Amino acid sequence: MPEPAITVLDGYLALSRAAADVAAGILAAIPRARVVVATGRTPMGLYRELAARASRGVLDASGITVYQLDEYVGIPTDDWRSLLGWAVRSFVEPLGIPLGSVIPVPADGDPAACAAYDREVERSGGYDLAILGIGTNGHVGFNEPPSDASAPTRRVALSSASRRSNAAYWGGTPHVPREAVTIGIAGLLRSRTILLVASGKSKRGIVRRAVLGPVTPEVPASCLQAAPDLRVLVDRAAWDGSVPT
Ligand code: GLP
């Protein structure tokens with residue numbers, strides 16, 4: 001198993017720029033790349049950086065296919081709180097990618113649709129790049145603990161930790177949906193490159209466990225250690241708790 005490539009950056013801006021360098025390099029090499037796109041706060045700086053490069057004409061992402069990572073069950077796609085809407089606003093539109101090039105997850109999590117989704121991704125050779133964040137409980141996408149490397153795309157019950165950490169978008173934990181659909185870890189491991197970004201003290205400890213600790217379903221992100229090319233970009237606050245002076 002290749003060692004994950006871990007890079008520690010001084011601050012969020014440096015993290016976002018370094019992550020954009022990795023992503024832009026892959027998109028330049030594979031103009032028709034299949035890219036899994038996470039939402040959440042952490043990758044937003046990276047997406048802004050990519051959008052700035054696209055508007056300067058030094059990045060052309062118009063040919064890529066975007067795969068949505070996860071979605072809440074029961075949320076209409078036009079609801080501003082939908083994760084699809086968030087991915088479109090923060091990544092698809094700013095990078096000039098046609099909406100027709102976006103592949104949502106099977107929103108209601110129908111097992112047959114999820115299985116067909118995984119088969120189609122496998123048939124097409126997997127993803128070229130997966131851009132992922134990590135939850136405070138070690139989840140990736142919504143692969144909540146316990147999830148192992150065989151976890152398929154599926155409908156899941158959200159942990160109370162995940163509902164709490166997403167409560168700000170919903171006006172409080174009671175309003176956060178209880179279920180979601182997520183690309184499974186098995187599918188994510190079919191990515192040529194995984195770019196895992198983490199920032200801030202709230203991620204301290206879980207990132208180290210995920211990339212240096214034992215592979216365990218209790219820390220789903222640790223299963224990414226089996227990826228052929230795992231690039232971990234983390235800011236100092238998330239790595240050792242220190243913040244740049
Ligand atoms: C959410 C998402 C994940 C994301 C994680 C961390 O629950 N489902 O895809 O990586 O939380 O989000 P943030 O970057 O906001 O801490």
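What separates Glu-120 and Arg-123 in helix H4? I shall begin with that pair and then move inward, and I should say at the outset that we are looking at a predicted model.

The two residues stand three places apart in helix H4, which covers residues 111-123, and so about one helical turn lies between them. Their side chains form a salt bridge, in which the closest N and O atoms are 2.7 Å apart. As for their surroundings, Glu-120 is partly exposed, with a relative accessibility of 39%. Arg-123, at 62%, counts as exposed.

A second salt bridge has another setting. Here the partners are Asp-128 and Arg-192, with an N to O distance of 3.2 Å. Asp-128 belongs to strand E6 and Arg-192 to strand E9, so this pair ties together parts that are 64 residues apart in sequence. Asp-128 is buried, at 7% relative accessible area, whereas Arg-192 is partly exposed, at 43%.

Before leaving the charged residues, let me mention two further items. Asp-229 forms a salt bridge with Arg-231, and their closest N and O atoms are 2.8 Å apart. Arg-231 is partly exposed, its relative accessible area being 28%. In addition, Arg-17, Asp-21, Glu-49 and Arg-53 are joined into one network by salt bridges that share partners. Across the whole structure, a search finds 11 salt bridges.

I turn now to strand E6, where Asp-128 is located. Why do we describe this strand, residues 127-132, as largely enclosed by the rest of the structure? The reason is that six of its six residues are buried, which for our purposes means under 20% relative accessible area.

Strand E6 has pairing partners that we can name. Strand E2, residues 34-37, runs parallel to E6 and is joined to it by three bridges. Within that pairing, Val-37 has Ile-131 of E6 as its bridge partner. Strand E9, residues 191-198, also runs parallel to E6, and five bridges join these two strands. In this second pairing, Ala-130 stands opposite Ile-194 of E9. As background for viewing these strands, side chains in a regular strand alternate between the two faces of the sheet.

Next, the nonpolar interior. The largest nonpolar core contains 83 residues, and those with the most contacts inside it are Leu-46, Leu-50, Ile-64, Phe-91, Leu-195 and Leu-233. Helix H1, residues 12-29, gives the most to this core, contributing nine residues.

Let us take Leu-50 as an example. Which residues does Leu-50 contact once its neighbours within four places in sequence are left aside? They are Ala-20, Ala-23, Ala-24, Leu-59, Phe-91 and Leu-95. One of these, Phe-91, is itself listed among the residues with the most contacts inside the core.

Finally, the ligand. There are 13 residues around the ligand, and those that come nearest are Arg-41, Thr-42, Asp-70, Gly-141 and Lys-203. Two of the contacts to ligand oxygen atoms can be described in detail for these residues. For Arg-41, a backbone N or O atom lies 2.6 Å from an oxygen atom of the ligand. For Thr-42, a polar side-chain atom lies 2.6 Å from a ligand oxygen. Asn-166 also takes part: an N or O atom of its side chain is 3.3 Å from an oxygen atom of the ligand.

To close, I return to strand E6, which pairs in parallel with E2 and with E9, and whose Asp-128 meets Arg-192 in a salt bridge.

Conventions:
Residues numbered from 1 in each chain as written. Predicted model: local features only at pLDDT ≥ 70, side-chain atom pairs only at ≥ 80, totals over all residues. Heavy atoms only, no water. Core = buried A, V, L, I, M, F, W, Y, C linked by side-chain atoms within 4.5 Å. Buried < 20%, exposed > 50% of the residue type's maximum accessible area, 1.4 Å probe, protein only. Helix = DSSP H or I, 4+ residues; strand = E, 2+ residues; numbered from the N terminus. Contact = heavy atoms within 4.5 Å. Pairing = 2+ DSSP bridges. Salt bridge = Lys/Arg side-chain N within 4 Å of Asp/Glu carboxyl O. Near = heavy atom within 4 Å. Polar contact = N/O pair within 3.5 Å; in protein donor to acceptor, adjacent residues only side chain to side chain.
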